[in-house]
Amino acid sequence: MTSYHSDEFDGVPTDAAADLAGVPDAFQRLWTPHRLVYIQHGQQPDEHACPFCRAPQLSDEQSLIVARGEHAYVLLNLYPYNSGHLLVCPYRHIATYDEATADEVAEIGELTQVAMRTVKEVSRCDGFNIGMNQGRIAGAGIAEHLHQHIVPRWALDSNFFPIIAGTKALPRLLGEVREEIAEAWPR
Ligand SMILES: [Zn+2]
């Protein structure tokens, strides 16, 4: 009889963490080697070239913004892990969460909650990954400007992720997804 460890991922048995070296945590790993290009590519932008400083100066459609607050705004990630992958950014060009003011922290939190409710309503997702990568060593693609990821998850999404990430149709889909979320966003 085949004996399995108790952990499974999409029906595939995995080794129990206790059998391996390392520090167990609650995070699910998204192994995305193709993103290394994005992470390793070139220098970090300064304030003048920063895409998160530039986005609010463009139209919502051009910059894929779904909502603008007083201190922070919400836009679709150009490099989504999943359809509806949103980023919450302060307008200020700050690198890490501890540099944010109380007002910025409060609004990033509020916008994150509204984003979750809105994405849940339009996409019926089963869960979310939410978090901030602080610094390049932690995997931040644009480490100079703080941004919180909101990644909707569906029960079977990991099976489709490489297909979704590789598709050439993404720019058009991103525009459609932006419109759908922006229309459902409570004003
Ligand atoms: Zn910036």
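## A walk around strand β4

Start by selecting I65 and L75: I65 stands opposite L75 in β4. Bear in mind as you click around that this is a predicted model.

**Stop 1: I65 and its strand.** I65 belongs to strand β3, which covers residues 65–68. Is I65 buried or exposed? Count the other C-beta atoms within 10 Å and you get 20; the cut-off for buried is 20 or more, so I65 is buried. Now show its surroundings: setting aside neighbours within four places in sequence, I65 is in contact with A55, D60, Y73, V74 and L75. For a long-range view, add A182 to the selection. I65 and A182 are 117 residues apart in sequence, yet their C-alpha atoms are 8.0 Å apart in space.

**Stop 2: across the hairpin.** Follow the chain from β3 into β4. These two strands make a hairpin with 3 residues between them, and they pair in the antiparallel sense over 3 bridges.

**Stop 3: β4 itself.** Select residues 72–76. All 5 of the 5 residues in β4 are buried, so the strand is largely enclosed by the rest of the structure. Turn the strand to look at each face: A72, V74 and L76 sit on one side, Y73 and L75 on the other, and all of them are buried.

**Stop 4: on to β5.** Next, select residues 86–90, which make up strand β5. What is the sense of its pairing with β4? It is antiparallel, over 5 bridges. To pick out one of the pairs, highlight Y73, whose bridge partner in β5 is C89.

**Stop 5: the core.** Now colour V66, V74, L75, L86 and V88, the residues with the most contacts inside the largest nonpolar core, a set of 25 residues. At least two core residues come from each of β3, β4, β5, α4 (102–123), β7 (148–153) and α6 (170–184). Which element gives the largest share? That's β4, with 5 residues.

Zoom in on L86. Apart from neighbours within four places in sequence, L86 is in contact with V66, V74, L76, N77, A115, V119 and I150.

**Stop 6: C53.** For the last stop, select helix α2, residues 51–54, where you'll find C53. C53 has 18 other C-beta atoms within 10 Å, so C53 counts as partly exposed. Add H145 to the view: C53 and H145 are 92 residues apart in sequence but 8.0 Å apart in space, C-alpha to C-alpha.

How values were computed. Residues are numbered from 1 along each chain as its sequence is written. This is a predicted model: local features need pLDDT of at least 70, side-chain atom pairs count only at pLDDT 80 or more; totals for chains, interfaces and linings use all residues. A residue is buried if 20 or more other C-beta atoms lie within 10 Å of its own, exposed if 12 or fewer, and partly exposed in between; C-beta atoms are placed from the backbone. Helices (H or I, at least four residues) and strands (E, at least two) are DSSP runs, numbered from the N terminus. Two strands pair if DSSP finds at least two bridges between them. A nonpolar core is a set of buried Ala, Val, Leu, Ile, Met, Phe, Trp, Tyr and Cys residues joined through C-beta atoms within 7 Å. Two residues are in contact if their C-beta atoms, placed from the backbone, lie within 7 Å.
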